[in-house]
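User: Before we look at the model, please be ready to justify each term you use. I will ask what lies behind the labels.

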Amino acid sequence: MKRFGHIICGLAVMLMLIACHTDEEMAYSTDPVENIEALWQIIDTRYCYVEEKGIDWNAIHDEYVAKAGKLKRGDQVALFDLCASMLDSLRDGHVNLYSPFDRSYSTAWYDTYPANFSSSLQAQYLKDYRIAGSLYYCTIDHDSIGYVYYSSFSNSISAGNIAWVLSSFRDCKGLIIDVRNNGGGALTNAYLLSSPFFIEDKVIGYWNHKTGPGHHDFSELEELKSDASLTGSKWQRPVVVLSNRRCYSATNMFINIMRYADKALIVGGTTGGGGGMPLSYEIPCGWTVRFSSVRMYDAEKKDIEQGIEPDVLVNMVSTDKDDIIEKAIELINDETNWK
Amino acid sequence: MKRVIIVIGLLFCLVGGAAAEGVEHTNVLKVKFGWNYQLDTYLSPLAYDGMHIGIENEWWQPFRQDTRLGKTGQLAQWAHVGRLDLRGTRQFNSARSNLIYGLDITAGWGAFYTWQWCDKRLKVFLGPYLEANFGARELASNVNKPYSFDVAADVMAMSGVSWSFYGKKTSYRLNYQIRTNLIGFDFMPDYWQSYYELSEGVKGTARCSGHWNHHTIKHELALDMQFPHSTWRVGAAHQYINYGTKDLHFIHNEISIVVGCIWNYRIKANEKL
């Protein structure tokens, strides 16, 4: 029996030795320089707009590695602030750093633009409303126009919700969809909400993704089409989509889709962009970085990262009424716009 | 992708359908629990580790005769074995800031030839083994890329040795089994593809795999104990899988404690009245 014991012990040790083997990996580390280096590398190789941002990313590397070298090891807040500052140089709302104690974000893409939205002014129009899913809706202008407000594409909606909203506007001559200050969410909701305005699928854009670490390593462009089959109900009367600079990401894509719908106009301010679809990855200390990795274009193959200009540019100047909603009402009531 | 599903389906049919009538089967139902290490650079560059729990059913059956000892008392030299393994994992990164959940299913079947020495107490077997594996992992905190999949099918070499010995009231058998891949295929996802693009079709490379690009080793050391009314198995198992391309690298390494029970059964054939 003693001999068998030795055999068992020997084999168990062998198992443990093999099991403890680990191959190459990014090792866990809280060292500031290692984390800055890894973060810089992720953006350098995986972010899809390094060239378009017009910044010297190599110079950023040298600057921030030098700063990281001066940080105290273990000062996580200082390291976070340094990483966030480096990411902020990209001025991209899709670039964020997530740690257990904070999330970095950029406001550079909207903070120098007119707000073009006031919830108090909007409240003058959004009265006696109903809520279908996450769609707030009511009629305005003596019940002649339907008004829908959707605050986030992260909030769920369904084909049933849309059918109820459209059916309640059956006697209206036009529809306003207000997506101002909607920062985006699920792209699937953008396709769903745009579906009633298409009788057949149309090419509304293209996308391509990175295929390697080089700044120009991208796949071939692939077509993106609207999906008319997502909702049974259809709307073939005038529709005006309201936009401002805070329309970002999936909202930006929704507005891009609506540009190709029949009898649709975009009114308000230029959107914020965010055409790059974000992915995420981790750095050695376990924080997650989110960054744009898939580029999206409109049907003319123009990049929509920098935003989409409206068909009718309107900035809010009045203090007693919503100029953008008023302009939308005026456009719907003028039948010459829809011939 | 359809081919992969068909191959996996066929293997499952093979595993399930091989229970021939009138033949004595040896069945081992095992529960596994242990520690594992995971590197999946599709989801994260950081290594994750954690615990897993799984259940595995393994059956053994001779070719050509009713029992492994047969009517003449001679051990059947050719026999076959099938396995179905289901395992769930839960792993954290070293910072414990993110969590991966995984589910793996593996099915396999093999045939082997047995040699015996030392008054039939020492047995050595060797043979080919077919295995199909499907694994899914979720890193929920990842934006637009939260899932990763393993898909692989391999022809493996299987070998083992067992030594039987006897106590006063109990018989024992010490087993060691090992399997390693020879040739097969695996699927490597396109690292750069996003979740939304996946919905329009999974892109990646289904490639021929072997020791040059895909290492799999699975082995188990176990002690079978035959008591008067039941037979039990305790042991330790280890598996190591390592494969990748220039963009992606996958490592799975796990150690399990194994506890199982063993029984023999025979499926009765329909008899004409």
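Analyst: Buried means under 20% relative accessible area, exposed means over 50%, and partly exposed covers the range in between, with a 1.4 Å probe and protein chains only. Helices (DSSP H or I, at least four residues) and strands (DSSP E, at least two) are DSSP runs, numbered from the N terminus. This is a predicted model, in which local features need pLDDT of at least 70 and side-chain atom pairs count only at pLDDT 80 or more, while totals for chains, interfaces and linings use all residues. Residues are numbered from 1 along each chain as its sequence is written, chains are lettered from A and ligands numbered from 1 in the order in which they are written, and side-chain values use heavy atoms, without hydrogens or water.

User: What makes strand 8 of chain A "mostly covered"?

Analyst: Five of its five residues fall in the buried class. A:Val239, A:Val241 and A:Ser243 point one way from strand 8 of chain A, A:Val240 and A:Leu242 point the other way, and all are buried.

User: How do you know which strands pair with strand 8 of chain A?

Analyst: Two strands pair if DSSP finds at least two bridges between them. Strand 5 (174-178) and strand 8 of chain A share four bridges in the parallel sense, with A:Leu175 opposite A:Val239. Strand 8 and strand 9 of chain A share five, again parallel, and here A:Val239 stands opposite A:Ala264. Both counts satisfy the requirement of at least two bridges, so both are pairs.

User: What sheet do these strands belong to, and which strands are its edges?

Analyst: Seven strands of chain A form an open sheet with mixed pairing, in the order 2-3-4-5-8-9-12. Strand 2 (130-132) and strand 12 (312-313) of chain A are the edge strands, as each pairs on one side only. Strand 12 of chain A runs parallel to strand 9 (residues 264-268) and is joined to that strand by two bridges; A:Val267 stands opposite A:Val312 there.

User: Why are helix 3 and helix 4 of chain A called roughly antiparallel?

Analyst: Axes are lines fitted to C-alpha atoms, for helices over the stretch in contact, and angles run from 0 to 180 degrees between N-to-C directions. Under 35 degrees counts as roughly parallel, over 145 as roughly antiparallel, 65 to 115 as roughly perpendicular, and the rest as oblique. Helix 3 (residues 57-69) and helix 4 (residues 76-88) of chain A pack at about 170°, with their axes 11 Å apart. The pair is therefore roughly antiparallel.

User: Which residues meet between these two helices?

Analyst: Contact means heavy atoms within 4.5 Å. From helix 3 of chain A come A:Trp57, A:Ile60, A:Tyr64, A:Lys67 and A:Ala68, and from helix 4 of chain A come A:Leu82, A:Ser85 and A:Met86. By class, this contact has six nonpolar, one polar and one charged residues. The classes are nonpolar for Ala, Val, Leu, Ile, Met, Phe, Trp, Tyr, Cys and Pro, charged for Asp, Glu, Lys and Arg, and polar for the others, Gly among them.

User: Why is A:Ser99 called buried?

Analyst: Its relative accessibility is 12%, so A:Ser99 counts as buried. A:Ser99 lies in the loop between strand 1 (96-98) and helix 5 (119-122) of chain A. Leaving aside neighbours within four places in sequence, A:Ser99 is in contact with A:Phe80 and A:Trp287.

User: What is unusual about phi at A:His142 and A:Asn181?

Analyst: Most residues other than glycine have a negative phi. Phi of A:His142 is near 55°, and phi of A:Asn181 is near 65°; both values are positive. A:His142 sits in the loop between strand 3 and strand 4 of chain A, and its 79% relative accessibility makes it exposed. A:Asn181 is in the loop between strand 5 and helix 7 (187-194) of chain A, and at 32% it counts as partly exposed.

User: How do you know the class of B:Leu130?

Analyst: B:Leu130 has a relative accessible area of 33%, so it is partly exposed. B:Leu130 belongs to strand 5 (residues 122-139) of chain B. Of the 273 residues in chain B, 52% are buried.
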